[in-house]
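Visitor: I am new to this structure. Please show me how to read it, feature by feature.

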Amino acid sequence: TALAALARHHVAAINAGAAPSIRGAWDAAARELNAKAQQSALKAYDAALSEAAAPDDGGAFRGLPTPPALGDAAAVELTHELARAASLDAFARAACDGADPAAKADASANLEADLAARRDAFRADVDRRSDAACASAEADALAEARDAAA
């Protein structure tokens, strides 16, 4: 909590032989809380994305079209945006303004950059799986055509 973080920074200052500064302790506590909020938000994103995009027992993605439409950019973007919304909600609930409003804005910007990187990785993973599904379907069709011709 914010109070616990504030107390930790006051105790650290006293133990270091310095006079505790309320503003300095609050800034440090806010940075600590925002870093934890960012990590919590990333976990919320990963959980929401995993729920929507994890392959089911048949190899298809829950919540997304099955191949070859799996690589559909709109489906990937929608899944990302739903997970992003869960992440930003988690961040908003846990983040702290602190004495310096830029601290929360910086943490939010870092979170957005992390979410964009996760979206890109997700998109690449979906594209790889879609390509593999298409290649498999093509190989099956060629095999059927060879068998029919024989």
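Visitor: Where do I start? How many helices and how many strands does the chain have?
Guide: Start with the secondary structure. This is a predicted model, and its chain has four helices and zero strands. Read along the sequence, the pattern is α-α-α-α.

Visitor: What share of the chain is buried?
Guide: Burial is judged by relative accessible area, and under 20% counts as buried. Here 27% of the 150 residues are buried. The accessible surface of the chain comes to about 8600 Å². Carbon and sulfur atoms account for 58% of that surface.

Visitor: How do I read contacts along the sequence?
Guide: Look at how far apart the partners are in sequence. Take the contacts between residues at least 6 apart. Of these, 66% join residues at least 24 apart.

Visitor: How can I check the span of helix H4?
Guide: Count residues, then compare with the distance between the ends. Helix H4 covers residues 101–149, which is 49 residues. At 1.5 Å a residue, H4 should span 72 Å. The C-alpha atoms at its ends are 72 Å apart, so the two values agree.

Visitor: Which residues of H4 are buried?
Guide: They are Ala-103, Ala-107, Leu-111, Leu-115, Phe-122, Val-126 and Ser-130. Keep Ala-103, Ala-107 and Leu-115 in mind. We will meet them again.

Visitor: Now a single residue. Where is Asn-34, and is it buried or exposed?
Guide: Asn-34 lies in helix H2, residues 22–53. Its relative accessible area is 2%, so Asn-34 is buried.

Visitor: What does Asn-34 touch, leaving out residues up to four places away in sequence?
Guide: Asn-34 touches Phe-91, Ala-95, Cys-96, Ala-103, Lys-104 and Ala-107. Two of these partners, Ala-103 and Ala-107, are among the buried residues of H4.

Visitor: And His-80? Which helix holds it, and is it buried or exposed?
Guide: His-80 is in helix H3. It is buried, because its relative accessible area is 2%. Beyond its neighbours within four places in sequence, His-80 is in contact with Tyr-45, Leu-115 and Arg-119. The side chains of His-80 and Tyr-45 also make a polar contact, at 2.8 Å.

Visitor: How do I read a residue in a loop, such as Ala-99?
Guide: Ask the usual things: place, exposure, partners. Ala-99 lies in the loop between helix H3 (73–94) and H4. Its relative accessibility is 29%, so Ala-99 counts as partly exposed. Not counting neighbours within four places, Ala-99 is in contact with Arg-23, Trp-26 and Asp-27. Ala-99 and Asp-27 are 72 residues apart in sequence, yet their C-alpha atoms are 5.8 Å apart.

Visitor: Where is His-10, and what does it touch?
Guide: His-10 is in helix H1, residues 2–15. Leaving out residues up to four places away, His-10 touches Pro-20, Ser-21, Ile-22 and Ala-25. Its C-alpha atom is 9.0 Å from that of Gly-24, 14 residues away along the chain.

Visitor: What about charges? How many salt bridges are there?
Guide: Side chains of opposite charge can pair when their charged atoms come close. The count here is ten salt bridges.

Visitor: Which residue forms a salt bridge with Glu-32?
Guide: Lys-36 does, with the closest N and O atoms 3.4 Å apart. The two are four residues apart in helix H2, so about one helical turn separates them. Glu-32 has 19% relative accessibility, so it counts as buried.

Visitor: Where does the salt bridge between Glu-77 and Arg-123 sit?
Guide: Its N to O distance is 2.9 Å. The pair links distant parts of the chain: Glu-77 is in helix H3 and Arg-123 is in helix H4, 46 residues apart. Glu-77 is partly exposed at 26%, and Arg-123 is partly exposed at 30%.

Visitor: How far apart in sequence are Glu-81 and Arg-84?
Guide: Three residues, about one turn of helix H3, where both lie. Their side chains meet in a salt bridge at 3.5 Å, N to O. Glu-81 is partly exposed at 33% relative accessibility. Arg-84 is partly exposed too, at 23%.

Visitor: Which residues do shared salt-bridge partners join into one network?
Guide: Glu-77, Arg-119, Asp-120 and Arg-123. You have met Arg-119 already, as a contact of His-80.

Terms used:
Residues numbered from 1 in each chain as written. Predicted model: local features only at pLDDT ≥ 70, side-chain atom pairs only at ≥ 80, totals over all residues. Heavy atoms only, no water. Buried < 20%, exposed > 50% of the residue type's maximum accessible area, 1.4 Å probe, protein only. Contact = heavy atoms within 4.5 Å. Areas by Shrake-Rupley, 256 points an atom, 1.4 Å probe, with all protein chains shown as cover. Expected span 1.5 Å × (residues − 1). Polar contact = N/O pair within 3.5 Å; in protein donor to acceptor, adjacent residues only side chain to side chain. Salt bridge = Lys/Arg side-chain N within 4 Å of Asp/Glu carboxyl O.
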